Amino acid sequence: MKRRQVDLPSIVKDVNVIMVDIEGTTTSINFVKVMEDVAEGVAGSKPLPAGGESEREDLIAALVTNILGMMDADRKVTPLKTLQGHMWRKAYRDGTITGHVYEDAVEALKAWKKEGKKLVVYSSGSVQAQKLLFGYSCYGDLLHYFSQHFDTTVGSKVETESYLKILRQLHCGPDQVLFLTDLVKEARAATEAGLKVILSVREGTAALTPQDRKDFPVITSFGQLLSHPAEGDSPPAKKRAGKEKKEGEEKEEEDKEGEGKEVEDKEGEEKEDGDKEGEEKKEEEEDDE
């Protein structure tokens, strides 16, 4: 059975708040990568030594091993995210790294802000890490587009209660909030809280089942949510369109010039034929004399 078509821009039009996830939604899933709990048997986990000055180096080594283990297992825990935020801060500020944000996401943020939508972020990454990513993005400082940031201090993203807490902080009803995420578990938790949800499919995101696609609207670009996609054309797209237009105009001019030259050539040939006929007629008249 074919899934009925959904008017995606109308979903955006009917809400006052748009809440975005980061990884796999506004940002490449390969850019932000973290992992699972060492305490749950993650490979590479290591017990911490009891203590003592002589064991200081062993303690540091064990901590590093455990942190790397949590990262490799994509553990979504607040302490790890906070630590990552501290680590990334220096790298962002000295220009070593730049936050990746999809170009279509930037265009959408601009359009929605212009329309008066309230934009907020809910990510498993710490608020500090969120602000660094958007503050030092590949498109410059994008922080001014967002009114509020939420992380796992309000609760896990797969728990309905977390979204209810966010609604209380936003002071609005669930039907006024649209949540964009790439994870089905988060989508279902948000839906249970009454929020409107759209799933984002990007390179590297988890595959969706037919049932997932039936339950939720799906996008591959934020441009699909804009009422006037043409206004959200990316700079490269505009440049290509301008180039194609210019090439088309040049070709049209060349065609016109070619047509004009053909007319001139034809008129020249007709004139030449006429002159030739005139000369032949004059010669005949001279012969008759």
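A residue counts as buried under 20% relative accessible area, as exposed over 50%, and as partly exposed in between. With that in hand, here is a look at the cysteines and the charged pairs of this structure, which is a predicted model.

The cysteines come first. C138 has a relative accessible area of 42%, and because that value sits between the two cut-offs, C138 is partly exposed. C172, at 22%, is partly exposed too. As for bonds between cysteines, a pair of sulfur atoms has to lie within 2.5 Å to qualify, and by this rule the count comes to zero disulfides.

Charged side chains give a fuller story. Side chains of opposite charge can pair when their charged atoms come close. A search of the whole structure turns up seven salt bridges. Among them is the one between K157 and E186, whose closest N and O atoms are 3.3 Å apart. This pair links distant parts of the chain, with the two positions 29 residues apart in numbering. K157 is found in the loop that runs between β3 (148-150) and α6 (160-170), while E186 belongs to helix α7, which covers residues 184-192. Both ends of this bridge are tucked away from the surface: K157 has 6% relative accessibility and so counts as buried, and E186, also at 6%, is buried as well.

Helix α7 turns up again in a pairing with helix α8. R188 forms a salt bridge with D212, and here the closest N and O atoms are 3.2 Å apart. D212 lies in helix α8 (residues 210-215) and R188 in helix α7, so this pair ties together parts that are 24 residues apart in sequence. The two partners differ in how much surface they show. D212 is buried, with a relative accessible area of 8%, whereas R188 is partly exposed at 33%.

R188 has another acidic partner in D215, with the closest N and O atoms 3.0 Å apart. Once more the pair links distant parts of the chain, D215 sitting in helix α8 and R188 in helix α7, 27 residues apart. D215 has a relative accessible area of 34%, so D215 falls in the partly exposed class. Turning back to K157 and E186, salt bridges that share partners join these two residues and D21 into one network.

Terms used: Residues numbered from 1 in each chain as written. Predicted model: local features only at pLDDT ≥ 70, side-chain atom pairs only at ≥ 80, totals over all residues. Heavy atoms only, no water. Salt bridge = Lys/Arg side-chain N within 4 Å of Asp/Glu carboxyl O. Helix = DSSP H or I, 4+ residues; strand = E, 2+ residues; numbered from the N terminus. Buried < 20%, exposed > 50% of the residue type's maximum accessible area, 1.4 Å probe, protein only.
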